[in-house]
Amino acid sequence: MQPWNVQIGVNPLSWMNDDLPALGGDTPLSTALREGAEIGYAGFELGNKFPSDPAALQALLADYGLACVSGWYSGHLAQSTVEAEVERCSKHLEKLHFNSCKVLVYGEVAGSIQGCRGTPLSKRPRFTDEAQWSAYADKLTQFGAHLKIRYGITLAYHHHMGAYVETPQDIDTLMALTNPECVSLLFDTGHAYYGGAVDPVALLRRHIQRVAHVHCKDVRARVIQQARNERLSFLDGVLNGIFTVPGDGDLNFFAVLKTLHEGGYEGWLVVEAEQDPAVAPSYAYAKKGYDSLRSIVNQISAVRVQPAEEN
């Protein structure tokens with residue numbers, strides 16, 4: 001039996017939403033950390049309620065026996081310079097480095113409408129020609145090289161609804177134009193499906209060797225179709241219940257995790273699901289997500305490697 005070398009972490013979105021403070025905004029961080037540790041999660045991604053001081057963050061997580069998985073960084077390279085981004089990100093990177101994180105979650109927010117209530121996703125920004133794509137890819141490659149050299153951290157690019165890189169075609173283009181030594185992919189199952197990957201596993205297989213981080217987010221396909229028909233904004237779709245935890249929606253997580261395992265992925269599997277805790281109670285849903293992933297990981301780890309037949 002060969003255990004699969006992955007860890008299961010969680011994003012605090014199950015308890016509190018930074019973009020929609022009305023969703024769990026009054027929930028103390030201590031509640032999320034205590035419940036997450038009790039459920040069995042090995043670590044947390046960061047959110048707005050976590051300490052900004054690296055040592056204070058380390059001490060807080062240690063109190064609960066948790067690791068710092070990584071943290072979202074709101075990037076502006078689509079409309080800014082590499083030099084400005086290096087300066088803007090330095091404190092965040094120092095915090096991640098101090099806490100032994102291996103990846104930076106890079107989310108492009110320049111021009112993004114992901115946080116704009118009432119603005120349909122069709123209004124998202126787009127690169128209109130090859131020159132714009134190439135210029136952006138070059139800046140990402142340079143920025144990713146800086147992260148590797150200065151901090152030993154990998155840039156994990158988060159494709160996201162409402163931003164420049166949303167669709168499978170966008171992801172294909174970005175991966176083709178960036179240097180694989182400097183830019184990796186954060187594969188988000190929920191955003192992949194919502195972005196147009198009817199079969200997220202097929203998209204994952206195309207880029208499996210570039211995946212450095214994984215967000216495990218389930219979807220309610222019916223609600224996504226409704227959101228598309230009604231031209232809803234990203235946040236309005238979240239409020240309607242587009243996303244949920246693994247095991248509670250329509251995605252085949254066994255196929256996703258099997259593909260990751262076969263591709264040699266070793267890293268974090270992060271449960272992340274923007275929901276209203278008043279509708280989807282935090283503890284119950286966080287536990288469902290953990291239990292679903294743990295069961296699949298255990299099944300995959302239990303498969304014995306068959307010895308090669310002797311000639």
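What follows is a set of questions and answers on a predicted model.

Me: Asn 17 sits in which loop, and what makes it count as buried or exposed?

Reply: Asn 17 lies in the loop between β1 (7-10) and α1 (29-39). Its relative accessibility is 5%. Buried means under 20%. Asn 17 therefore counts as buried.

Me: What does the side chain of Asn 17 have as a polar partner, and how do you know that the pair qualifies?

Reply: A polar atom of that side chain lies 2.9 Å from the backbone nitrogen of Leu 20. The cut-off for a polar contact is 3.5 Å, so the distance falls within it. Outside its neighbours within four places in sequence, Asn 17 is in contact with Leu 23 and Glu 274.

Me: Which elements do the buried residues of α1 pack against?

Reply: They pack against β2 (43-44), α2 (54-63) and α11 (282-302). The buried residues of α1 include Leu 29, Ala 32, Leu 33 and Gly 36. Residues three or four places apart on an α-helix point the same way, because there are 3.6 residues a turn. Just after α1, Gly 40 takes a positive phi of about 130°.

Me: What makes the sheet open, and which strands stand at its edges?

Reply: The sheet has 9 strands in the order β3-β2-β1-β11-β8-β7-β6-β5-β4, with parallel pairing. At the edges stand β3 (67-68) and β4. Each has a single partner strand, so one side of each is left without a neighbour in the sheet.

Me: How do you know that β1 is paired with β2 and with β11?

Reply: Count the bridges. Two strands pair if there are at least two bridges between them. β1 and β2 are joined by 2 bridges, and run parallel. β1 and β11 are joined by 4 bridges, again running parallel. Both pairs therefore meet the requirement. Val 10 has Phe 44 in β2 as a bridge partner. Val 10 also stands opposite Val 271 in β11.

Me: What joins β11 to β8, and which way do the β11 side chains point?

Reply: Strand β8 (residues 211-216) is joined to β11 by 3 bridges, and the two run parallel. The bridge partner of His 215 in β11 is Val 270. In strand β11 (residues 268-271), Trp 268 and Val 270 point one way. Leu 269 and Val 271 point the other way, and all are buried.

Me: Why is the pair of Tyr 73 and Tyr 106 called tilted?

Reply: A search of the whole structure finds 13 aromatic pairs. In this one the ring centres are 6.1 Å apart and the planes stand at 50°. Ring centres must lie within 6.5 Å to pair. Planes under 30 degrees apart would be stacked, and over 60 edge-to-face. At 50° the angle is neither, so the pair is tilted. The pair links distant parts of the chain, with Tyr 73 in strand β4 (residues 72-75) and Tyr 106 in strand β5 (residues 103-108), 33 residues apart. Tyr 73 is buried, at 6% relative accessible area. Tyr 106 is also buried, at 0%.

Me: What makes the pair of Tyr 136 and Tyr 157 edge-to-face?

Reply: Their planes stand at 80°, with 6.3 Å centre to centre. The angle is over 60 degrees, so the pair is edge-to-face. Tyr 136 is in helix α4 (residues 130-151) and Tyr 157 in strand β6 (residues 154-158), 21 residues apart. Tyr 136 is buried, with a relative accessible area of 1%. Tyr 157 is buried at 1% as well. Ring pairs link these two tyrosines into a cluster whose members include Tyr 73, Tyr 106, Phe 127 and Trp 133.

Me: How do you know that Lys 217 sits over the ring of Phe 243?

Reply: The charged end of Lys 217 is 5.2 Å from the ring centre. The distance limit is 6 Å, so it passes that test; the angle to the ring normal must be within 35 degrees too. Arg 150 lies over the face of Tyr 151, at 4.7 Å from the ring centre.

Me: Why do Cys 68 and Cys 101 not count as a disulfide?

Reply: Their sulfurs are 3.5 Å apart. A disulfide needs sulfur atoms within 2.5 Å, so the distance is too far for a bond. Cys 68 is buried, at 7% relative accessible area. For Cys 216, the closest cysteine sulfur is also in Cys 101, at 18 Å, too far for a bond. Cys 216 counts as buried at 0%. The whole structure has 0 disulfides.

How values were computed
Residues are numbered from 1 along each chain as its sequence is written. This is a predicted model: local features need pLDDT of at least 70, side-chain atom pairs count only at pLDDT 80 or more; totals for chains, interfaces and linings use all residues. Side-chain values use heavy atoms; hydrogens and water are left out. Buried means under 20% relative accessible area, exposed over 50%, partly exposed in between (1.4 Å probe, protein chains only). A polar contact is a pair of N or O atoms within 3.5 Å; within protein, one must be able to donate a hydrogen and the other to accept it, and residues adjacent in sequence count only if both atoms are side-chain atoms. Contact means heavy atoms within 4.5 Å. Rings of Phe, Tyr and Trp (its six-membered ring) pair if their centres lie within 6.5 Å; planes under 30 degrees apart count as stacked, over 60 as edge-to-face and the rest as tilted.
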